[in-house]
Amino acid sequence: MFSKGKRSSSHLNIHQPRFARALIIRTGLVTLALGSFVAAGALAVVMPSSPEPQIYQARTALTLPSDLTVLQAQDQQAYVTETRIRRGDTLSALLQRMQVSEEGLLQFLTHDKQARSIYKLYPGRTVQAALDANGNLQWLRYRHTPYSEQSGQGQARWLEVRPDGQGGFVAEEQSDQTQTRVRVAQATINSSLFGASDQAGIPDNITLQMADVMGSKIDFLKDLRKGDSFRVVYESYGHEGQDVGSGRLLAVEFINQGKVHEAAWFQPENGSGGYYDFSGQSLKGAFLRTALKFTRISSTFGGRRHPVHGGWRDHNGVDYAAPSGTPIHATADGTVEFIGRQNGYGNTIILKHHGQFTTLYAHQSRFAAGLRKGDRVEQGQLIGYVGSTGWATGPHLHYEFRIAQKAVDPLSVDLPVARVLDAPQRKQFQQTLASYQDSFALLHTDAEPVQLASR
């Protein structure tokens with residue numbers, strides 16, 4: 001049996017299947033390859049590396065200036081908190097919101113005469129406070145007048161209160177010039193004009209100007225449709241990195257029911273400014289028919305019985321009845337030729353316009369602040385307020401339109417058309433227009449207002 005088993009084993013070695021022999025060959029090849037790989041890896045590991053670069057350290061001692069102010073830890077950790085005044089807010093509520101708990105501060109603010117501007121809190125204005133690391137007050141600022149104009153220059157004014165170092169406080173009014181920037185924005189109307197403007201961050205003042213400029217082209221009460229859109233370029237006033245006011249609308253492109261309406265502000269050298277469409281045509285007449293926006297005619301031009309003296313007399317103007325204090329606007333660009341009291345006319349302004357045209361505005365209660373003889377005014381500019389001064393039985397505006405010092409009926413006369421731009425002015429207008437169009441080109445859908453430049 002043993003011999004038979006041995007032969008049987010020998011028989012298997014000689015006649016084993018092909019796949020078994022192939023397996024032995026493949027295994028040998030894999031073993032050889034792995035051996036070569038390990039050998040190569042061993043060679044790679046023991047290969048000498050290049051010498052490491054030498055590293056040098058250089059130190060230089062600098063001498064600080066003797067007058068250098070070194071910040072203390074509490075100065076470095078000071079922070080500024082700000083809150084916006086809400087309707088019904090009190091000083092106590094504002095201080096509490098800003099986490100200002102300075103002893104004696106509230107009493108100082110409510111009694112010190114130098115801090116009287118904080119006695120009246122205007123909703124929408126801001127109050128700021130700077131606190132050190134220990135929560136002690138460094139300064140408090142009430143920005144009561146973010147923007148005002150004085151001598152043609154924008155200013156920001158605020159009340160600043162600081163500790164006096166002796167347990168009390170000192171208050172002082174501060175002011176600083178604002179910077180004028182040019183911004184561009186666009187909006188699409190979904191529900192209303194102001195809703196679209198608010199969503200795009202466009203100030204209400206700019207929206208009102210746009211409605212006024214486009215008023216002769218678009219009825220903003222009836223013509224607006226969902227999907228209408230507009231793009232604007234406008235002036236913005238800034239102070240310490242914040243927008244504090246808005247200035248003039250510079251250009252607008254309004255798409256209403258698929259039709260494009262355009263306007264751009266342009267002021268020729270040595271001339272008055274106005275709005276023109278992009279082809280250079282003026283958007284306004286030389287004169288407005290009325291100096292009041294909301295009124296009714298109480299007395300027309302011509303003969304009438306005088307309400308004060310009785311008897312028939314010539315009435316050389318048109319009377320517009322309106323509540324006392326109603327704003328009066330210049331009907332055309334011009335210069336103040338007279339401002340003051342004039343007999344039966346009471347408080348009166350006379351404007352001199354181009355050519356032989358003058359206009360008179362009588363019975364005013366008061367004049368626009370700062371308006372003086374010789375000042376230039378623009379069409380639509382506020383010049384005064386309705387009153388009943390002089391020979392008047394009630395509040396109204398007496399308005400006269402004169403040609404070569406002769407009064408004519410302003411309701412029937414053919415008013416002069418706006419002057420057209422001459423060749424040099426048209427060239428200058430095209431250059432101005434090109435800058436506005438470049439600004440429009442920067443806009444993209446749903447873009448926020450873009451700051452273009454500062455000046």
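A salt bridge here is a side-chain nitrogen of Lys or Arg within 4 Å of a carboxyl oxygen of Asp or Glu. By that rule the structure, a predicted model, holds six salt bridges. The legends below visit some of them, along with a cavity, an aspartate and a threonine.

**View 1. E160 and R162 meet through their side chains in a salt bridge.** The N to O distance in this pair is 2.8 Å. How exposed or buried is each partner? E160 is buried, with a relative accessible area of 8%, whereas R162 counts as partly exposed at 35%. Keep both residues in mind, as they come back in the legend that follows.

**View 2. R402 and E400 form a salt bridge between their side chains.** Here the N to O distance is 2.9 Å. R402 counts as buried because its relative accessible area is 15%, under the 20% limit. E400 is also buried, at 2% relative accessibility. Elsewhere in the model, salt bridges that share partners join R141, E160 and R162 into one network, so if you have View 1 open, add R141 to the E160 and R162 pair to see the whole network.

**View 3. A salt bridge joins the side chains of R248 and E378.** Which parts of the chain does this pair link? R248 sits in strand β8 (residues 242-256), while E378 belongs to the loop between β19 (376-377) and β20 (382-386). The two residues are 130 residues apart, and the pair links distant parts of the chain. Their N to O distance is 3.7 Å. Both ends are partly exposed: R248 has a relative accessible area of 25%, and E378 has 26%.

**View 4. D228 is a buried residue that has no salt bridge.** You will find D228 in the loop between α7 (204-213) and β7 (229-239). Why does D228 have no salt bridge? The nearest side chain of opposite charge, R225, is 6.5 Å away, and a salt bridge needs the nitrogen within 4 Å of the carboxyl oxygen. What does the side chain of D228 reach instead? One partner is the backbone nitrogen of R225, at 2.9 Å. Another is the side chain of N256, with which the D228 side chain makes a polar contact at 2.6 Å. So R225 appears twice in this view: its side chain is the 6.5 Å neighbor of opposite charge, and its backbone nitrogen is the atom that the D228 side chain reaches.

**View 5. L91, L94, L95, M98, L109, I118, V127 and L140 line the largest cavity.** Rolling a probe the size of a water molecule over the atoms shows where empty space is left. A search of the whole structure finds one cavity of 30 Å³ or more, and its volume is about 30 Å³. What classes of residue make up the lining? Eight are nonpolar, with no polar and no charged residues among them. Helix α4 (residues 91-97) gives the largest share of the lining, three residues.

**View 6. T348 is a buried residue in strand β17.** This strand spans residues 347-352. T348 counts as buried because its relative accessibility is 0%. How far apart are T348 and Q364 in sequence and in space? They are 16 residues apart in sequence and 6.4 Å apart in space, C-alpha to C-alpha.

Terms used: Residues numbered from 1 in each chain as written. Predicted model: local features only at pLDDT ≥ 70, side-chain atom pairs only at ≥ 80, totals over all residues. Heavy atoms only, no water. 1 Å grid on protein atoms, 1.4 Å probe; cavity = no way out; pocket = protein on both sides within 12 Å on 5 of 7 lines; lining within 4 Å. Points joined across faces, edges and corners; volume = space filled by probe spheres on them. Helix = DSSP H or I, 4+ residues; strand = E, 2+ residues; numbered from the N terminus. Nonpolar A, V, L, I, M, F, W, Y, C, P; charged D, E, K, R; others polar. Buried < 20%, exposed > 50% of the residue type's maximum accessible area, 1.4 Å probe, protein only. Lys, Arg positive; Asp, Glu negative; His and termini not counted. Polar contact = N/O pair within 3.5 Å; in protein donor to acceptor, adjacent residues only side chain to side chain.
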